[in-house]
Amino acid sequence: MPGTSSTIEGDDGVDMNEIKMVSPCGVDCDDCAGHRCGNDPAIMDRMISLGFKKETLPCPGCRELKDDCPVIGGHCPTYACLEKKGLRFCYECDEFPCAALAPTADKASSAIHNIKLFNLNYIQRHGLNAWQAIKSDIK
């Protein structure tokens with residue numbers, strides 16, 4: 001079936017444990033304050049002050065949580081869409097890119113979602129391991 005490839009280009013044999021902290025929509029979970037707060041009490045305090053529930057932090061990544069994202073406050077329609085289609089990344093979909101991946105224009109300097117299309121395209125073209133090697137250089 002088109003759009004449902006089971007391997008990542010350039011990363012034959014990559015298992016789900018290796019992509020655990022890369023969300024299906026291309027967000028690098030290592031950049032997310034919801035995940036990073038586990039190693040930084042100041043970030044944890046800030047997340048709680050913003051209304052996040054301490055028991056949902058640190059976020060283990062959306063692949064583990066399925067579509068119950070503490071950062072967006074619950075159900076993630078993008079994750080649900082991928083689950084329904086049996087895909088691991090949005091770029092595997094015939095409809096990629098779609099409106100669900102649009103950047104958050106009003107938060108262009110701080111929203112980690114703004115780089116997700118780049119992440120997905122890089123992973124698709126060069127592989128997960130290559131992206132992991134360069135991700136710190138693109139921020």
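**Exercise 1. A salt bridge at Glu92**

With which residue does Glu92 form a salt bridge, and how far apart are the closest N and O atoms?

Solution. The structure is a predicted model, and the steps that follow should be read with that in mind. First, look for the basic partner of the carboxylate: Glu92 forms a salt bridge with Arg88, and the closest N and O atoms of the pair are 3.5 Å apart. Next, consider the surroundings of each partner, using the rule that a residue is called buried when its relative accessible area is under 20%. Glu92 has a relative accessibility of 4% and therefore counts as buried, while Arg88, with a relative accessible area of 14%, is buried as well.

**Exercise 2. The network around Lys135**

Determine which residues are joined with Lys135 into one salt-bridge network, and describe what each pair ties together.

Solution. Begin with the total, since the structure holds five salt bridges. One of them joins Lys135 to Asp28, with the closest N and O atoms 3.3 Å apart. Because Lys135 lies in the segment after helix 6 and Asp28 in the segment before helix 1, this pair ties together parts that are 107 residues apart in sequence. Another salt bridge links Lys135 to Asp30, where the closest N and O atoms are 2.9 Å apart. Asp30 too lies in the segment before helix 1, so its pairing with Lys135 ties together parts that are 105 residues apart in sequence. Through these shared partners, Asp28, Asp30 and Lys135 become one network.

Then assign the exposure of each member. Asp28 is buried, with a relative accessible area of 2%, and Lys135 is buried with a relative accessible area of 16%, whereas Asp30, at 34% relative accessibility, counts as partly exposed.

**Exercise 3. The two faces of helix 2**

Identify the buried residues of helix 2, and establish why they can be said to line one face of the helix.

Solution. Helix 2 spans residues 41-49, and its buried residues are Ile43, Met44 and Met47. Seen down the axis of the helix, these buried residues fall within an arc of 105 degrees, so they line one face of helix 2. As a check, examine the face turned away from the buried side, which carries the exposed residues Pro41, Ala42, Asp45, Arg46 and Ser49. The elements that cover the buried residues of helix 2 include helix 1.

Finally, inspect the two ends of the helix. At the N-terminal end, Asp40 acts as a cap, a side-chain oxygen lying 2.9 Å from the backbone nitrogen of Ala42. Just after helix 2, Gly51 adopts a positive phi of about 105 degrees.

**Exercise 4. The nonpolar cores**

Which residues of the largest nonpolar core touch the most other members, and which helix gives the most to this core?

Solution. The largest nonpolar core contains 17 residues, and within it Phe89, Cys90, Leu120 and Ile123 touch the most other members. Turning to the elements that supply the core, helix 5 (116-126) and helix 6 (128-134) each contribute at least two residues. Of the helices, helix 5 gives the most, with three residues. Apart from this core lies another, made of six residues, among them Cys37, Met44, Met47 and Phe52. Two of the names just listed, Met44 and Met47, have already appeared among the buried residues of helix 2.

**Exercise 5. The chain as a whole**

Describe the overall architecture of the protein chain by its helices and strands, and characterise its burial and its contacts.

Solution. Start from the secondary structure: the protein chain has six helices and two strands, and read along the sequence they follow the pattern α-α-α-β-β-α-α-α. Of the 139 residues in the chain, 37% are buried. Among the contacts with a separation of 6 or more, residues 24 or more positions apart account for 56%. The accessible surface of the chain comes to about 8,100 Å², and carbon and sulfur atoms hold 53% of that surface.

As a last step, consider a single position in a loop. Pro97 is found between helix 4 (77-85) and helix 5, and at 53% relative accessibility Pro97 counts as exposed. Its C-alpha atom is separated by 10.0 Å from that of Cys25, although Pro97 and Cys25 are 72 residues apart along the chain.

Terms used:
Residues numbered from 1 in each chain as written. Predicted model: local features only at pLDDT ≥ 70, side-chain atom pairs only at ≥ 80, totals over all residues. Heavy atoms only, no water. Core = buried A, V, L, I, M, F, W, Y, C linked by side-chain atoms within 4.5 Å. Buried < 20%, exposed > 50% of the residue type's maximum accessible area, 1.4 Å probe, protein only. Helix = DSSP H or I, 4+ residues; strand = E, 2+ residues; numbered from the N terminus. Contact = heavy atoms within 4.5 Å. Areas by Shrake-Rupley, 256 points an atom, 1.4 Å probe, with all protein chains shown as cover. Arc of directions from axis to C-beta. Polar contact = N/O pair within 3.5 Å; in protein donor to acceptor, adjacent residues only side chain to side chain. Salt bridge = Lys/Arg side-chain N within 4 Å of Asp/Glu carboxyl O.
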